Amino acid sequence: MYKFQTNTNSLGDINKLNHHEILNTCPRLSEYIRLSVLDEIDSTNNWILRNLSQLAFDDNALSVVVAEFQTNGRGRQGRVWHADPGNCLTFSVLKSFTKDVAKLSGLSLVIGLAIIRTLKSLFTVDFKLKWPNDVLFQKKKLAGVLIDIKRTINDQTYAVIGIGINFHLAESIKRILDQQSTDLFEITGYHINRNYVLGILLSELRNILEDYEAFGFQHFRAEWIGCHAYEGYPVTLVLANGETIDGTVDGISDSGALNLITSIGRRTFYIGDISVRLKSSI
Ligand code: BTN
């Protein structure tokens, strides 16, 4: 089930985040990652947004911030990202693009894929994606992605890519979550070393972002559909305005939009305030 040794420390359950340990996970990681490790912050995405002008000067490296605890972790669609100190991997990556915002529509899907690739390389477990970018195990949420986009005057577009992965959630947190969630401890039975997973994931993120810049989302489309938990399933889409749309999932477009076969024909939904819920009959 798992392919590497875990460590515990005086905190019992967890490893403290460690700058050196993270950057030593993969060869040459320190050459292309500028890493900040924080004990506590409101939100790692907010931290990057506040410090954008200082962080953005080095286009050859990815700026990354990881925090033990977020006091105001943000989820998609204005939701709160709940996690207790130390038992979740909460981090953000700053990536600049010369592409227009409109051309970045598949970005969040590709990030979900990077998480899946990383987890599958570490655990022989069938992780899945839920459009646009939730990572699931047996239909329960394991990880989520929140991307904030900022365009600056020099026509560079900055994406703040925030990722949260559950490692060992307290029961008290699980009870307040608005959807069924899981964590790596529940899945594997082991306390997984966050430093190690983060190092591997940063290396994968760098590779996948390079390929995404070069080839666009269509390069990943078939792989993404192969990982989709709900491909071919009847689902209900909930739009931002609360409207619901029933249909059967029929692939993803070249730009990362969701195709649904509905009662009035095939319709395409772009990344935005749309979420997917499996019909209760499934
Ligand atoms: C979601 O599934 O709703 C997205 C969750 C994203 C959470 C991460 S944790 C690190 C980063 N900082 C935040 O405030 N949010 C993202």
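A pocket, here, is an open set of grid points where a 1.4 Å probe fits, with protein on both sides within 12 Å along at least five of seven lines. Keep that in mind for these exercises on a predicted model.

**Exercise 1. Work out where the ligand sits and which elements surround it.**

Start with the space itself: the ligand takes up the largest pocket. Next, go through the elements that give two or more residues to the shell around it: α3 (44-50), β3 (88-97), β6 (140-151) and β7 (157-166). Finally, pick the top contributor, which is β6, with four residues, the largest share of the shell.

**Exercise 2. Describe the shell by residue count and by class.**

Count first: 20 residues surround the ligand. The closest of them are S43, Q70, R74, R76 and K141. Then sort the shell by class, and you get five nonpolar, 11 polar and four charged residues.

**Exercise 3. Find polar contacts between protein and ligand, using a cut-off of 3.5 Å between N or O atoms.**

Take S43 first: one of its polar side-chain atoms is 2.8 Å from a ligand oxygen atom. Move on to Q70, where a polar side-chain atom lies 2.9 Å from a nitrogen atom of the ligand. With R74, look at the backbone instead: a polar atom there is 2.7 Å from a ligand nitrogen atom. Now for the cover: on its own the ligand has 420 Å² of accessible area, and the protein covers 99% of that.

**Exercise 4. Check whether the chain's radius of gyration agrees or disagrees with that of a compact globule.**

Get the expected value: for 282 residues, a compact globule would come out near 19 Å. The chain has 18 Å, so the two agree. For the overall extent, the C-alpha trace spans about 55 × 45 × 30 Å along its principal axes. The chain's secondary structure adds up to nine helices and 12 strands.

**Exercise 5. Locate a cis peptide bond and a positive phi in the backbone.**

Recall the background: most residues other than glycine have a negative phi, and most peptide bonds are trans. Look at omega, then: the bond joining W131 and P132 is cis, at about 5°. P132 belongs to the loop between β4 (127-130) and β5 (134-137). Turning to phi, Q77 has a positive value of about 55°, although it is not a glycine. Q77 sits in the loop between β2 (62-70) and β3.

Technical notes:
Residues are numbered from 1 along each chain as its sequence is written. This is a predicted model: local features need pLDDT of at least 70, side-chain atom pairs count only at pLDDT 80 or more; totals for chains, interfaces and linings use all residues. Side-chain values use heavy atoms; hydrogens and water are left out. A residue is near a molecule or strand if one of its heavy atoms lies within 4 Å of it. A polar contact is a pair of N or O atoms within 3.5 Å; within protein, one must be able to donate a hydrogen and the other to accept it, and residues adjacent in sequence count only if both atoms are side-chain atoms. Accessible areas come from the Shrake-Rupley method with a 1.4 Å probe; for residues, only the protein chains shown count as cover. On a 1 Å grid over the protein atoms alone, a cavity is a set of points where a 1.4 Å probe fits but cannot get out, and a pocket is an open set with protein on both sides within 12 Å along at least five of seven lines; lining residues have an atom within 4 Å of a point. A molecule sits in a cavity or pocket if more than half of its atoms lie within 2 Å of its grid points. Ala, Val, Leu, Ile, Met, Phe, Trp, Tyr, Cys and Pro count as nonpolar, Asp, Glu, Lys and Arg as charged, and the others, Gly among them, as polar. The radius of gyration is taken over C-alpha atoms; the globule rule is 2.2 Å times the number of residues to the power 0.38.
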